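Welcome, and please open the model in your viewer. We will go from selection to selection, with a short look at each stop.

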Amino acid sequence: MMWNKSFFFLCIGIIFFVLIYLLAPILTPFFIGILLAYLVNPLVTWLMRFRIPRVFAVVLVFVLLSLMLLLTILLLIPLIQKQLNTLIQMIPRMIEWFQLSFLPYVTERFGNEQLINVPLIKKTLSENWTTAGSYIGIFLNTIVHSGFLIVSWFMNLILIPVVTFYLLCDWERLVQGIKNLLPRANAPTIIRLSKECDQVLGAFFRGQLLVMLFIAVFYSIGLTIVGLNIGIILGIILGIISIVPYLGVVVGVTTASIAAYVQFGYFQPVLFVWLLFLIGQLVDSFFVTPHLVGDRIGLHPVIVIFAILAGGSLFGFLGVLLALPIAAVIMVWLRFLMERYHESSLYQ
């Protein structure tokens, strides 16, 4: 009987993951909506303590978040557009510095003229640079004539808030419905593990989002104070990619150093950039991340990197979104299995 039950749940699990794999292209807005509803639900629950009906609490949260998003867009879009134009103007100078300064240094350092084929790189860059406009035109023309893709993208964008709203309104009933589906004999254990998963995921997501926000704001302001014309764009990029351990630091130091040297033409601003990243890393490593995230997810940085790469390889963008939540849930269940193993006769 036990084997029959195990086989049944195994089949259910296999069917579930196969369906996710097959439907991944259309599931992204639904999973984003689920994630947003999960993150916002504590705020809705807090408002309900003041005897505000759930629907009104959801509407109030939606209005506040929409106003914050609109205000952020109105403030950032002009700055980002201006810095994008600056970045486009800096690209030829970066290429020139790369060709005239970096490549000769590397070639001389390694003593091999064939290490990097400078003429070929120059020719390739020149050809691509002169034809970049036509490629952009072809791309934009394809987008304009791909009505289905535009409609599909727009529908996905509309679906996210719709799914989030309805999930928030019915969140308590959905949770209770899932509890009612659990097998009665295993329900207490599953509920306990689910609560542990909820604590891990909730703390990690909210903490990680605050860490990403801190990194984006800190480096945007810091690089702007240093005098970098594209400081805000770099800060935002660093905040987004900081979810992958060490990637943000490597990309940030490299890009900001090259941009600073190309913009100013001497080495002193690069030293200021390095000092800024040193201070940022110390503050993040010893104060921000330990306080906001800590060891709540219980995953080694190498496992985090592997989980994100594996998720992206298997399920694309949807896999990247689900990688860390699934990894955290797996860790909770593995800890439970290790506890059961230590209590079993196999370990004794």
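Helices here are DSSP runs of H or I with at least four residues, numbered from the N terminus. One reminder before we start: this is a predicted model.

**Stop one: the pocket**

Begin with the second largest pocket, whose volume is about 2,500 Å³. To centre your view, select Leu 36, Leu 39, Leu 69, Leu 209 and Met 212, which lie nearest the centre of this pocket among its 46 lining residues. Next, colour the elements that each give two or more residues to the lining: α1 (2-48), α2 (54-110), α4 (147-169), α6, α7 and α11 (317-343). Which of the elements gives the most to the lining of the second largest pocket? That is α6, with 13 residues. Now colour the lining by class, and you should find 38 nonpolar residues, seven polar ones and one charged.

**Stop two: α6 against α7**

Keep α6 on display, selecting residues 187-226, and add α7, residues 231-241. Their axes are 7 Å apart, and the two helices pack at an angle of about 160°. Angles over 145 degrees count as roughly antiparallel, so α6 is roughly antiparallel to α7. Turn the view to look at the crossing of these two helices, which is right-handed.

Now show side chains where they touch. On the α6 side, pick Met 212, Ile 215, Ala 216, Tyr 219, Ser 220, Leu 223 and Thr 224. Facing them in α7 are Gly 231, Ile 232, Leu 234, Gly 235, Ile 236, Leu 238, Gly 239 and Ile 240. By class, this contact holds ten nonpolar and five polar residues, with no charged ones. You have met Met 212 already, as one of the residues nearest the centre of the second largest pocket.

**Stop three: α7 against α8**

Leave α7 in view and add α8, residues 247-264. The axes of α7 and α8 come within 8 Å and cross at roughly 160°; these helices are therefore roughly antiparallel to each other. What is the handedness of the crossing where α7 passes α8? It is right-handed.

For the contact itself, select Leu 234, Leu 238 and Ile 241 of α7 together with Leu 247, Gly 248, Val 251, Gly 252, Thr 255 and Ala 256 of α8. Coloured by class, the contact of α7 with α8 shows six nonpolar, three polar and no charged residues. Leu 234 and Leu 238 of α7 also belong to the contact with α6.

Conventions: Residues are numbered from 1 along each chain as its sequence is written. This is a predicted model: local features need pLDDT of at least 70, side-chain atom pairs count only at pLDDT 80 or more; totals for chains, interfaces and linings use all residues. Side-chain values use heavy atoms; hydrogens and water are left out. Axes are lines fitted to C-alpha atoms, for helices over the stretch in contact, and angles run from 0 to 180 degrees between N-to-C directions. Angles under 35 degrees count as roughly parallel, over 145 as roughly antiparallel, 65 to 115 as roughly perpendicular and the rest as oblique. A crossing is left-handed if the near helix is turned anticlockwise from the far one by less than a right angle, and right-handed if clockwise. Contact means heavy atoms within 4.5 Å. Ala, Val, Leu, Ile, Met, Phe, Trp, Tyr, Cys and Pro count as nonpolar, Asp, Glu, Lys and Arg as charged, and the others, Gly among them, as polar. On a 1 Å grid over the protein atoms alone, a cavity is a set of points where a 1.4 Å probe fits but cannot get out, and a pocket is an open set with protein on both sides within 12 Å along at least five of seven lines; lining residues have an atom within 4 Å of a point. Grid points are joined across faces, edges and corners, and a volume is the space filled by probe spheres set on the points.
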